[in-house]
Amino acid sequence: MKRPEGFDPRPPQPQVPPTGESDSRGARGKSEKQTRKKSASRKSSTTARAPKVATTSQAAPASEAAAAPKATKTSRARNGEARDSTTARRAAAEARKAARIRRRYERSEVRRFTRRSRHRRLAWLTAGGAIFVLCALVAIAVYSPLLALKTIRIEGASRVSAADIRASLKDQLGTPLALLDFAEIKTDLAKFPLIRSYVTEAVPPNTLIVHILERSPIGVLESPSGYTVVDAAGVTISHSTERPQGLPIIDSGSLKGDSTAFKAAVAVLLALPDSVAKRVGMVTARTNDDVTLVLDGVGQRVVWGSADRSAMKGRVLADLIAHQDPNTVVEYDVSAPNNAVVRTG
């Protein structure tokens, strides 16, 4: 069986060159071999002479060359890790910032939607706090011993003894100012007939001031037992066996201070000018229309009439007295103030 061409493994036959060419090629080959041998012997001798230097000089570049790629890889790895860590930190910071913005937005939305309820709650809390503070202050003012009464001051007392008034109010000492018994104070002060009215003033922390308005005597009621000094309301101020100086005798036909004649006489005395009132020695009245005055000295009389238009009558009487001799016995009739009359004798 024939083999296909191209599958024959037989090597090609070498061609024999001509004799001249082969010799020259052989000579050249020998010279090249000898040259290579000489250069190899030179290299071996050079290597033998300086083996350490050659080894060191060749080993150093080799180690540096081997270490250089490793250092480059390490630096690249470190740079990559640094970039990765920086990126991670930036990403974490951005995430935190976004979370803060989100929380801030959520809080603002919560505040916006709960504003009304918060305001209502704040109003209730404010009202509750105010009520609590008020209750605490009231409790302190009422029950605290720091506001207990320790000092009683009496002002306006001249005829009545201030020491006696303080002694009558001593039961109130030690009581908080807010718990003072003013009904009992009124009862205690009613024992003094000279006190017409009074006003109490509590001054924290522990003082009570009592302002006294005393009764002013206006006249004297004469009786078999002596003389009774009364005020304009007919309240008895004092008793004596001798007539008090500077006060007129009121003769109303009764010792009661609530009669019509007494009230008419008092109205006349209150309407008199001071220059005339200090000269009056007696006022006589039996009804509301027949008031008569007797002046001190020679006994000049004044026919007053009723208590009506007393202010005008008082001015007319003062003018008439100013133009008359005080030592002349006369009678002044001012019952009709527009037509006043002076009678002599």
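## Helix H8 and its surroundings

Helix H8, which covers residues 310-322, has 13 residues and reaches 18 Å from its first C-alpha to its last, close to the 18 Å expected at 1.5 Å a residue. The model in which this helix appears is a predicted one. Along H8, the residues that are buried are Ser-310, Lys-313, Gly-314, Val-316, Leu-317, Leu-320 and Ile-321. An α-helix has 3.6 residues a turn, so residues three or four places apart point the same way. The cover over the buried residues of H8 includes two helices, H6 and H7 (274-277), together with the strands E9, E10 (301-305), E11 (330-333) and E12 (341-344).

Just before this helix comes Arg-309, which is found in the loop between E10 and H8. Arg-309 has a positive phi of about 55°, although it is not a glycine, and with a relative accessible area of 47% it counts as partly exposed.

## Two neighbours of H8: H6 and E9

Helix H6, made of residues 260-271, has 12 residues, and the distance from its first C-alpha to its last is 17 Å, close to the 16 Å expected at 1.5 Å a residue. Its N-terminal end is capped by Ser-259, where a side-chain oxygen lies 3.3 Å from the backbone nitrogen of Phe-262. Phe-262 is itself one of the buried residues of H6, and the others are Ala-261, Ala-264, Ala-265, Val-266, Val-268 and Leu-269.

In strand E9, which runs over residues 291-295, lies Thr-292. Is Thr-292 buried or exposed? At 16% relative accessibility it counts as buried, because the cut-off for a buried residue is under 20%. Leaving aside residues up to four places away in sequence, Thr-292 touches Met-282, Val-283, Thr-284, Arg-301 and Val-302.

## Salt bridges

Side chains of opposite charge can pair when their charged atoms come close. The structure holds 10 salt bridges, and three of them are described here, beginning with the one between Glu-331 and Arg-301, whose closest N and O atoms are 2.4 Å apart. Glu-331 lies in strand E11 and Arg-301 in strand E10, so this pair ties together parts that are 30 residues apart in sequence. Glu-331 counts as buried at 19% relative accessibility, whereas Arg-301 counts as partly exposed at 34%. Through salt bridges that share partners, Arg-301, Glu-331, Asp-333 and Arg-343 are joined into one network.

Another salt bridge is formed by Arg-159 and Glu-214, with the closest N and O atoms 3.9 Å apart. This pair links distant parts of the chain, since Arg-159 is in the loop between strand E1 (151-155) and H4, Glu-214 is in strand E3, and 55 residues separate them. Arg-159 is partly exposed, with a relative accessible area of 49%, while Glu-214 counts as buried at 9% relative accessibility. The side chains of Asp-188 and Lys-191 also meet in a salt bridge, at 4.0 Å from N to O; here Asp-188 is buried, with a relative accessible area of 9%, and Lys-191 counts as exposed at 61%.

## Loops and a surface patch

Between strand E2 (195-203) and strand E3 (207-214) there is a loop that contains Pro-205. A cis peptide bond, with omega of about 10°, joins Pro-204 and Pro-205. Another loop, between helix H4 (162-168) and helix H5 (182-189), holds Leu-179, which is partly exposed with a relative accessible area of 44%. Although Leu-179 and Ala-148 are 31 residues apart in sequence, their C-alpha atoms are 9.1 Å apart in space.

At the surface, Phe-132, Val-133, Leu-137 and Ile-140 make a nonpolar patch of about 420 Å². Of these residues, Leu-137 lies in helix H3, which covers residues 115-143, and with a relative accessible area of 52% Leu-137 is exposed.

## The chain as a whole

The protein chain contains eight helices and 12 strands, and buried residues make up 25% of its 345 residues. Among contacts in the chain with a separation of 6 or more, 45% are between residues 24 or more positions apart. The accessible surface of the chain comes to about 24100 Å², and carbon and sulfur atoms account for 57% of that surface.

Terms used:
Residues numbered from 1 in each chain as written. Predicted model: local features only at pLDDT ≥ 70, side-chain atom pairs only at ≥ 80, totals over all residues. Heavy atoms only, no water. Helix = DSSP H or I, 4+ residues; strand = E, 2+ residues; numbered from the N terminus. Buried < 20%, exposed > 50% of the residue type's maximum accessible area, 1.4 Å probe, protein only. Contact = heavy atoms within 4.5 Å. Expected span 1.5 Å × (residues − 1). Polar contact = N/O pair within 3.5 Å; in protein donor to acceptor, adjacent residues only side chain to side chain. Patch = residues over 30% accessible without salt bridge, like charges linked within 9 Å, V, L, I, M, F, W, Y side chains within 5 Å. Areas by Shrake-Rupley, 256 points an atom, 1.4 Å probe, with all protein chains shown as cover.
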